[in-house]
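Open the viewer and keep the selection box handy. Each stop names what to select and what is there.

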Amino acid sequence: MDVEFVTSAANLKGRPERVLPEFAFVGRSNVGKSTLINLFLNRKGMAKTSGKPGKTRLLNYFVVDDAYYLVDLPGYGFAKVSKDQRAGWVKLMRAYLFAADRPLAVFQLLDIRHRPSDEDRKMTDWLREAEIPFAIATTKGDKVPRSKLLERFREIASTLGLGPETPFFPTSANDRDSTADMHRWVQALLEAAEQDD
Ligand SMILES: Nc1nc2c(ncn2[C@@H]2O[C@H](COP(=O)(O)OP(=O)(O)OP(=O)(O)O)[C@@H](O)[C@H]2O)c(=O)[nH]1
Ligand SMILES: [Mg+2]
């Protein structure tokens with residue numbers, strides 16, 4: 001897999017000039033977006049990760065195999081933000097998700113250990129409203145015993161009102177194979193998009 005960092009955009013105007021299908025990663029701060037992007041790309045330091053929430057504040061673009069972008073989006077639910085920062089985030093996210101050339105699909109990340117927050121639910125509602133295909137990717141699978149996984153998935157699905165049509169990708173940063181199904185989903189969407197052209 002050929003991967004390159006392209007650019008960090010503070011707004012829609014800052015998106016890369018070259019238009020390619022985009023797969024965006026959304027989720028609360030610290031959920032593990034940057035970590036999962038690195039795992040998916042098999043590149044350790046590609047997306048900057050941090051123990052402190054709020055690390056990713058821009059739209060960070062990575063190009064994969066000259067074919068599509070992965071976009072690391074700023075997280076939400078970070079307590080230490082001002083009203084203005086929060087409003088700026090909402091504006092940027094909605095502009096991005098509802099743009100004419102919006103992402104081809106979105107991975108919404110959820111920490112497997114926690115019940116989705118009100119903000120997670122709002123994000124799912126936006127994705128439905130924008131009619132963007134989305135999948136749930138759970139993170140930090142290593143922190144939950146296998147015997148509890150099914151229970152965790154059920155709670156997530158019921159809290160967010162997800163039906164069986166929503167793909168569910170359980171991942172764990174210590175298990176690179178856990179992104180295999182995400183790769184397959186990306187390829188399937190790219191092929192379907194090509195046929196639509
Ligand atoms: N144990 C474990 N820790 C993880 C996993 N995924 C992420 N982490 C840790 O969670 C913390 C946050 O990860 P990031 O990838 O920086 O989170 P982020 O969602 O990009 O955060 P922001 O950029 O602040 O929005 C880091 O300390 C990671 O090492 C996982 O699957 N298992
Ligand atoms: Mg990040």
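How many bridges join strand 2 to strand 5? Four, and the two strands run parallel. Strands here are DSSP E runs of at least two residues, helices are H or I runs of at least four, and both are numbered from the N terminus. Two strands pair if DSSP finds at least two bridges between them.

This is a predicted model: local features need pLDDT of at least 70, side-chain atom pairs count only at pLDDT 80 or more, and totals for chains, interfaces and linings use all residues. Residues are numbered from 1 along each chain as its sequence is written, while chains are lettered from A and ligands numbered from 1 in the order in which they are written.

**Strand 2.** Select 22–26. Five of its five residues are buried (20 or more other C-beta atoms within 10 Å of their own; exposed is 12 or fewer, partly exposed in between; C-beta atoms placed from the backbone). Glu22, Ala24 and Val26 point one way, Phe23 and Phe25 the other.

**Its partners.** Find alanine 24: valine 106 in strand 5 stands opposite. Now add strand 4, which runs parallel to strand 2 and is joined to it by four bridges. There, aspartate 72 stands opposite phenylalanine 25.

**The core.** Select Phe23, Phe25, Ile37, Leu70, Val71 and Leu109. Of the 36 residues in the largest nonpolar core (buried Ala, Val, Leu, Ile, Met, Phe, Trp, Tyr and Cys joined through C-beta atoms within 7 Å), these touch the most other members. Strand 5 gives the largest share, five residues.

**Leucine 109.** Finish here. Leaving out residues up to four places away in sequence, leucine 109 has contacts (C-beta atoms within 7 Å) that include Phe25, Val31, Leu36 and Ala137.

Definitions and conventions. Contact = placed C-beta atoms within 7 Å.
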